[in-house]
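Biologist: I have a model open on my screen and would like to learn how to read it. Could you walk me through it, feature by feature?

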Amino acid sequence: MESSPLISAGLPIALFIIMIGIGMTLSIRDFRQVAVYPKGMIVGTIAQILLMPLIAFALASMLGLSPAIAVGLVIIAACPGGTTSNLFVLLARGNIALSIVLTVTASLITIVTLPILTNYALQVYAGTEESITLPVGRTVGMLIGIVLFPVAVGMIFRTRAPELSRRAESAVSVFGGVVLALLVVGLVWGVRDQIWDLLRQAGPATLLLNLAGIFVGLLAGRATGLSQRESIAVAVELGIKNSTIALLVTLTLLESSAMSIPAAVYGVLMFPIGFVLAAYGRKIIPAPVIAKPSP
């Protein structure tokens, strides 16, 4: 389950660069709109924090999962979206500002909710009770270092070099797509000797959880009157999870390789499904028309 050097060292650097590029496509106005019209943030946060864990509990019962796999499924469901979700929203032409806000908000809230849900799942399925806590400093530092700071740098760059920033979106999309493709290859290669056994144990449950999250995101967006860009952002945030946090909980805090299986499998399966969702978003959402500044 260990990450390869390519993923552990190269991925944070690549994501930092990508987030700068994403920042170059944003302005303060984009975030102001999320704050003034917070429906998307409220819907996405509630779905992420409450609905996804409930879906995981339901799937664990319906599929008759083993205790370790059931606990692991609840843990990955309770995890927030990560930096890669912001990139998929960009690729899908969704609301990037909303995606970033949801990533940050859900990540901060799950510092409290993830240990509670994990402890409850351990009681329900494993008959044990652990007292785990997430590293607050590490989580906040990750949000600042890989999400907020590079986005701010990109937004500042946009104010200084608007013409170059306008050309950045396509370049960031291409670079991001390549990085994600390499990440999928790296993840599959890292578990190549175990992949069929892992898929057998947790494949159906994690696939259903992923698809349910995306469906709930799209349905909730439509039911609450969100725009297509907002609905896509919510769906991606629910479907593209930060599996690193789940592996931190299962492997480091709980020291259970069995419980880490759903996170590892989900971390592989979510990428091809994410590309399909991105293609769907690009089909239903027209490319933005960028007005050139008047001379």
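**Reading the model together**

Modeller: Gladly! Let us begin with a single residue: arginine 93 sits in the loop between α5 and α6. Please keep in mind that this is a predicted model.

Biologist: What is the phi of arginine 93?

Modeller: Arginine 93 has a positive phi of about 65 degrees, although it is not a glycine.

Biologist: Now the overall fold, please. How many helices and how many strands does the protein have?

Modeller: The secondary structure comes to 13 helices and zero strands. Read along the sequence, the pattern is α-α-α-α-α-α-α-α-α-α-α-α-α.

Biologist: What percentage of the residues is buried?

Modeller: Of the 295 residues in the protein, 52% are buried. Contacts tell you about the chain as well: among those between residues at least 6 apart in sequence, 84% join residues at least 24 apart.

Biologist: Let me try some single residues. Is isoleucine 22 buried or exposed?

Modeller: Burial is judged by relative accessible area, and under 20% counts as buried. Isoleucine 22, found in helix α1 (residues 5-23), has a relative accessible area of 0%, so this residue is buried. Isoleucine 22 and valine 147 are 125 residues apart in sequence, and their C-alpha atoms are 9.9 Å apart in space.

Biologist: And where is valine 249 found?

Modeller: Valine 249 belongs to helix α12. Because its relative accessibility is 0%, valine 249 counts as buried. Its C-alpha atom is separated by 9.2 Å from that of leucine 114, although the two residues are 135 residues apart along the chain.

Biologist: Serine 243 caught my eye too. Why does serine 243 count as buried?

Modeller: The same cut-off applies here: buried means under 20% relative accessible area. Serine 243 has 14% relative accessibility, and therefore counts as buried. This serine lies in helix α12, which covers residues 243-253. Leaving aside neighbours within four places in sequence, serine 243 is in contact with Ile76, Ala263 and Gly267.

Biologist: Next, helix pairs. At what angle do α4 and α13 pack?

Modeller: For a pair of helices, look at the angle and at the distance between the axes. Helix α4 (residues 67-78) and helix α13 (residues 261-284) pack at an angle of about 50 degrees, and their axes are 7 Å apart. That angle is why α4 is described as oblique to α13.

Biologist: Which residues of α4 and α13 meet?

Modeller: From α4 come Ile69, Gly72, Leu73 and Ile76, and they meet Ile261, Pro262, Ala263 and Tyr266 in α13. By class, this contact of α4 with α13 has seven nonpolar residues, one polar residue and no charged residues.

Biologist: How far apart are the axes of α5 and α13?

Modeller: The axes of helix α5 (residues 83-91) and α13 are 8 Å apart, and the two helices pack at an angle of about 35 degrees. On the α5 side the contact is made by Thr84, Phe88, Leu90 and Leu91, and on the α13 side by Phe271, Gly274, Phe275, Ala278 and Arg282. The residues of this contact of α5 with α13 divide into six nonpolar, two polar and one charged.

Biologist: While we are on α13, what does isoleucine 273 touch?

Modeller: Isoleucine 273 is found in helix α13. Not counting residues up to four places away in sequence, isoleucine 273 touches Leu207, Asn210, Leu211 and Ile214. The C-alpha atoms of isoleucine 273 and leucine 211 are separated by 8.2 Å, with their positions 62 residues apart along the chain. With a relative accessible area of 16%, isoleucine 273 is buried.

Biologist: Last topic: empty space. How is it found?

Modeller: Rolling a probe the size of a water molecule over the atoms shows where empty space is left. In this structure there is one cavity of 30 Å³ or more, and the largest cavity has a volume of about 30 Å³.

Biologist: Which residues line the largest cavity?

Modeller: Its lining is formed by Gly44, Thr45, Gln48, Leu102, Ala106, Glu237 and Leu238. The elements that give two or more residues to this lining are α3 (39-63), α6 (96-126) and α11 (228-239). The most comes from α3, with three residues. By class, the lining of the largest cavity has three nonpolar, three polar and one charged residue.

Terms used
Residues are numbered from 1 along each chain as its sequence is written. This is a predicted model: local features need pLDDT of at least 70, side-chain atom pairs count only at pLDDT 80 or more; totals for chains, interfaces and linings use all residues. Side-chain values use heavy atoms; hydrogens and water are left out. Axes are lines fitted to C-alpha atoms, for helices over the stretch in contact, and angles run from 0 to 180 degrees between N-to-C directions. Helices (H or I, at least four residues) and strands (E, at least two) are DSSP runs, numbered from the N terminus. Angles under 35 degrees count as roughly parallel, over 145 as roughly antiparallel, 65 to 115 as roughly perpendicular and the rest as oblique. Contact means heavy atoms within 4.5 Å. Ala, Val, Leu, Ile, Met, Phe, Trp, Tyr, Cys and Pro count as nonpolar, Asp, Glu, Lys and Arg as charged, and the others, Gly among them, as polar. On a 1 Å grid over the protein atoms alone, a cavity is a set of points where a 1.4 Å probe fits but cannot get out, and a pocket is an open set with protein on both sides within 12 Å along at least five of seven lines; lining residues have an atom within 4 Å of a point. Grid points are joined across faces, edges and corners, and a volume is the space filled by probe spheres set on the points. Buried means under 20% relative accessible area, exposed over 50%, partly exposed in between (1.4 Å probe, protein chains only).
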